[in-house]
Amino acid sequence: MIDMRIIGLKEFTKNYINDKGKYMKKTFLRLGKQPITNNFLTKHQFEDEYFYNLDVQFDTDTKLVSITKMIDPEMMFNDEYVHRASQSITMCKHFEDISNQLQKRHKKVLEIGSNDGVFLKHWNTGDAIAVEPCGNFAKETQEMGYKTYAEFWTQELANKLLVKHGKQDVIYAANCICHIHDLDDTFRAVELLLEEDGVFVFEDPSLFNIVKNTSYDQIYDEHPHMFSVIALDNLLQRNGLQIVKVENLSVHGGSNRIFAMKLSQDVIHESVYQNKRQEEDLGLDKFEAFESFTLRVENSKTELIKLLTTLKQQGKKVISYGATYKSTTIFNYCGIDSDLIAYVTDTTLDKQGKYTPGMHISIVSPEQGFDDTVDYAFLGAWNFVKEISTKESEFLNRGGKFITHVPEVRIIGENI
Ligand code: TMP
């Protein structure tokens, strides 16, 4: 069991009881015409590229923030999926740490969205199950010896797994639950497969940080939901689960790790109350907070275009560092193309030699593109700023500068 402080649950939940019928979904942000973010293209694919309108809404009932047009999961999560979680040293260490933490108390684990096995590789093959719809990655964990299901996480799959493998001590998911459209089905499937004293541990970028840092680039097709603890607890509770502890993490620009257990636990960790209180202070349970967020997003766009235009007029060479999904939202929303960003560098082999979705900026390897001619690098992968600035200390020492839009548009040099 995890460490928890005893506090009455009923007293706390009464503020979150619904009154169905009075509620609605209200749109607060329009990020314009956007492409599929993981669709890095070759030139001959430009013409057939798919676009949709990226609008964001607030559900006044559950307090959940979601995009209005959900993209067919198979268009994003398929055998050509390119995002490899073990690409960053920070994330490798992160998954090793949480594996060690969970293994102190638990044995049988199932991971939803196991990617390239960066978390599971710390578990015994006989005790761990991988669920991963992207066939290329499912093949990798299968070859590592883990029982792998190359399927989407659904109640149907959970029923099948229950018969074959029985209940699980831990169900874990990192940067995956916020990808799934139907959260009720997802949480019911977890509840079905979890031991009575089992724990569901999942982590995703936190809405609190997105709003606080104006990091609107966390919003894209693969992130149909942006989670507050308040909204998650509402959704989990209507599906037989409840949050018992929250850890605030620095990864991915600020994430929350949620520990949830079956309903009617009488012990809730203080961190749940703290997080909900700080979210309420920021207004995340009310529509008005999102209207002011939108104004900050529009200002961020104006400032970024202004900065890049000024640098271009000064004859500076500006590139982008990391062909991230996040930067796809920014480039398309702000209309930033190869006129303002010469090219993008990325360590992922599958992205190199291709073009960014929508704005069609070319992607090259860091060896090829991150050279002495670069004056400024926009941080597409701003969430790895520490790792990148350590790796690129030579660039900074010779006067090279990074540009970020988080928490506001600014230039950063050696003072990171
Ligand atoms: P993410 O922010 O969605 O995890 O994606 C990070 C992207 O940035 C991924 O394509 C790898 C790339 N990247 C680099 O090119 N260089 C780096 O030093 C790091 C940390 C990431």
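This is a short talk on the ligand shell, two sets of strands, one helix and one loop residue of this structure.

Hi everyone, thanks for coming. Please keep in mind that what you see is a predicted model.

Let's begin with the ligand. Where does it sit? Domain 1, which covers 9-18 + 62-286, and domain 2, covering 307-412, both supply residues to the shell, so the ligand lies between them. The shell has 16 residues, and those that come nearest are Gly-322, Asp-346, Thr-347, Ala-381 and Phe-384. Which helix gives the most? That is helix 13, residues 385-391, with three residues. If you like to think in chemistry, the shell splits into five nonpolar, eight polar and three charged residues.

Now for the strands. There is an open sheet of four strands, in the order 1-2-3-9, and the pairing is antiparallel. Strand 1 (25-35) and strand 9 (225-226) are at the edges with a single partner strand each, so each has one side without a neighbour in the sheet. The partner of strand 1 that I'd like to show you is strand 2, residues 51-59: the two are antiparallel and share eight bridges. To find your place on screen, look for Gln-34, which stands opposite Tyr-52 of strand 2.

Another pair to look at is strand 10, residues 241-249, and strand 11, residues 255-262, which also run antiparallel with eight bridges between them. Here Glu-247 faces Arg-257 of strand 11. These two strands make a hairpin with five residues between them, and in the turn His-252 has a positive phi of about 50 degrees.

Next, helix 11, residues 325-334. How many of its residues are buried? The count is 10 of 10. Among them are Lys-326 and Asn-332, along with Ile-330 and Phe-331. What do they pack against? Their partners are strand 1, which we met in the open sheet, plus helix 10 (288-313) and strand 12 (318-321). Right after helix 11 comes Gly-335, with a positive phi near 70 degrees.

Last stop: Asp-79, in the loop between helix 2 (73-76) and helix 3 (89-103). Is Asp-79 buried or exposed? It has 12 C-beta neighbours inside 10 Å, and a residue with 12 or fewer is called exposed, so Asp-79 falls in that class. Beyond its neighbours within four places in sequence, Asp-79 contacts Cys-134, Gly-135 and Asn-136. Leu-64, on the other hand, is 15 residues away along the chain, and its C-alpha atom is 30 Å from that of Asp-79.

That's my tour. Over to you for questions!

Key:
Residues numbered from 1 in each chain as written. Predicted model: local features only at pLDDT ≥ 70, side-chain atom pairs only at ≥ 80, totals over all residues. Pairing = 2+ DSSP bridges. Near = placed C-beta within 6 Å. Nonpolar A, V, L, I, M, F, W, Y, C, P; charged D, E, K, R; others polar. Domains from an automatic or database assignment. Buried ≥ 20, exposed ≤ 12 C-beta atoms within 10 Å, placed from the backbone. Contact = placed C-beta atoms within 7 Å.
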